[in-house]
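Me: I am new to reading protein structures, and I would like to go through the charged side chains of this one step by step. Could you take my questions in turn and reason each one through?

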Amino acid sequence: MKTLLFAIIAVIGVSLGIGGTAHAYPQFQMSRDQTCWGCHVSPSGGGILNENGLNVAESISQFGTSPEFLNKLITTPDWLALGGDFRGAYGYLQTPEKSLDPIPMQAELYANARFKDFTLHVTAGARPPEYRNESATYFWSREHYLQWQTAAADGELFVRVGRFMPIFGLRFAEHPDYTRRYGGTALYTDTYGVAVEYVRDKYEVHVTGFIKDPIIDPVAHDNGGAAYAEYRVTDKLAIGAEGMFTKSDDDQKIRGGLTAKVLVAPTVLIQGEGQFVNQQIVGGGAPNQLVAYILGSWFVTDPVMVDVGLGHFDENIRIKNLDRDCVDLNIHWFTTSHIELIVTNRLEVIGQTKGGPTGAYSLLQLHYRL
């Protein structure tokens, strides 16, 4: 009935029989390293790259170049790491109005200051301003937190306090992916919280408690908690489980889901996530929802990665033709250690074309990492 969710369950089931040895992009996991932390300073991935991540950025790029901050034009002391990301896109949008538009996407700087076992992280940059609060919201700090880290039982234990995205699910970099957009970690839903995280090659566990942002009017007005655990069955297969509870003045949601990652070839990774969501609406109503996304990624050559994704979201499984489905095609070209060109495409239908107009986009995106 819900074919995409069944497909994800099938991927997980088939994956359990596969054995053997073997950026924020989880597409690099397993083929480049077993964990996101293997390439990033953050235990959940994203942001500043560590030494291994810098080596990967240089080795996969078409023209190489020094991968360090600003191509090594500025040298920082050992305790300080700097970085940043700039993204913009231009292309065709069908919403259903058809237009050609420029889209500013990201302009952020990162700083990590480490003193022994403690790290202070700050992400600051531009954001779309809030209505009637424009002067105070053109510039903000999306993330700022204090982290404590220590070695523990062949792994690393982290405790973070501050503002960051709750750690949940596959953590795709592309925010339109359904399990991000509808799956509890939508764009601009970073919030204040406390996270306890344990990461080792064989498995990782992340538990986060969070409150709605008391400083800026947030996208999500939720208090709650999230947990995500992932176990690497082999170096070609990982399975995960997730749960999240959120409560606001308007509703409460309980999410539960499964994830799977399968390295079917040295250059091909398939990832899937499926969630079941129960929403309790204040004043009446309790719709059940399904959210699912499958992404296949193929490194055609080291500098070229092709993603094909399938998404499904049903905001109330009892109402016919309310569900939506998408097909994504993204082509990444890592030209240098700092420059990436992406052609990103989507076709989206509602109720299998019976519930509303078809949407689409085709964009050329430029990504520059400082």
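**Salt bridges in a predicted model**

Reply: Let us begin with Arg160, which is buried, since its relative accessible area is 1%. Please keep in mind that the model is a predicted one.

Me: Which residue does Arg160 meet in a salt bridge?

Reply: Arg160 belongs to strand E5 (residues 155–164), and its partner sits in strand E6, 37 residues apart from it in the chain. That partner is buried as well, with a relative accessible area of 0%. The two side chains meet at 2.8 Å, N to O, and the residue that Arg160 pairs with is Glu197.

Me: Is Asp190 buried or exposed?

Reply: To decide this, we need the cut-off, because a residue counts as buried when its relative accessible area is under 20%. For Asp190 the relative accessible area is 3%, so the word to use is buried.

Me: How many residues apart are Asp190 and Arg142?

Reply: These two form a salt bridge, in which the closest N and O atoms are 3.4 Å apart. The pair links distant parts of the chain, as Asp190 lies in the loop between helix H4 (178–181) and strand E6 (191–199), while Arg142 lies in strand E4 (residues 139–152), and the separation is 48 residues.

Me: What is the relative accessible area of Arg142?

Reply: The cut-off matters here too, because buried means under 20% relative accessible area. Arg142 falls on the buried side of that limit, as its relative accessible area is 19%.

Me: Which residue meets Glu230 in a salt bridge?

Reply: The partner is a residue of strand E10 (residues 251–265), and its relative accessible area is 3%, so it is buried. Its side chain makes a polar contact with the side chain of Glu230 at 3.0 Å. The salt bridge, also given as 3.0 Å from N to O, joins Glu230 to Lys261.

Me: Why does the pair of Glu230 and Lys261 tie together parts that are apart in sequence?

Reply: Glu230 lies in strand E8 (residues 223–234) and Lys261 in strand E10, so the pair ties together parts of the chain whose separation in sequence is 31 residues.

Me: Which residues are linked with Glu230 and Lys261 in a network of salt bridges?

Reply: Both Glu230 and Lys261 are buried, and Lys261 touches residues from several places in the sequence, including Gln29, Leu170 and Gln271. Besides Glu230 and Lys261, the network of salt bridges links Arg171, Glu204 and Arg232.

Methods:
Residues are numbered from 1 along each chain as its sequence is written. This is a predicted model: local features need pLDDT of at least 70, side-chain atom pairs count only at pLDDT 80 or more; totals for chains, interfaces and linings use all residues. Side-chain values use heavy atoms; hydrogens and water are left out. Helices (H or I, at least four residues) and strands (E, at least two) are DSSP runs, numbered from the N terminus. Buried means under 20% relative accessible area, exposed over 50%, partly exposed in between (1.4 Å probe, protein chains only). A polar contact is a pair of N or O atoms within 3.5 Å; within protein, one must be able to donate a hydrogen and the other to accept it, and residues adjacent in sequence count only if both atoms are side-chain atoms. Contact means heavy atoms within 4.5 Å. A salt bridge is a side-chain nitrogen of Lys or Arg within 4 Å of a carboxyl oxygen of Asp or Glu. Lists of a residue's contacts leave out its neighbours within four places in sequence.
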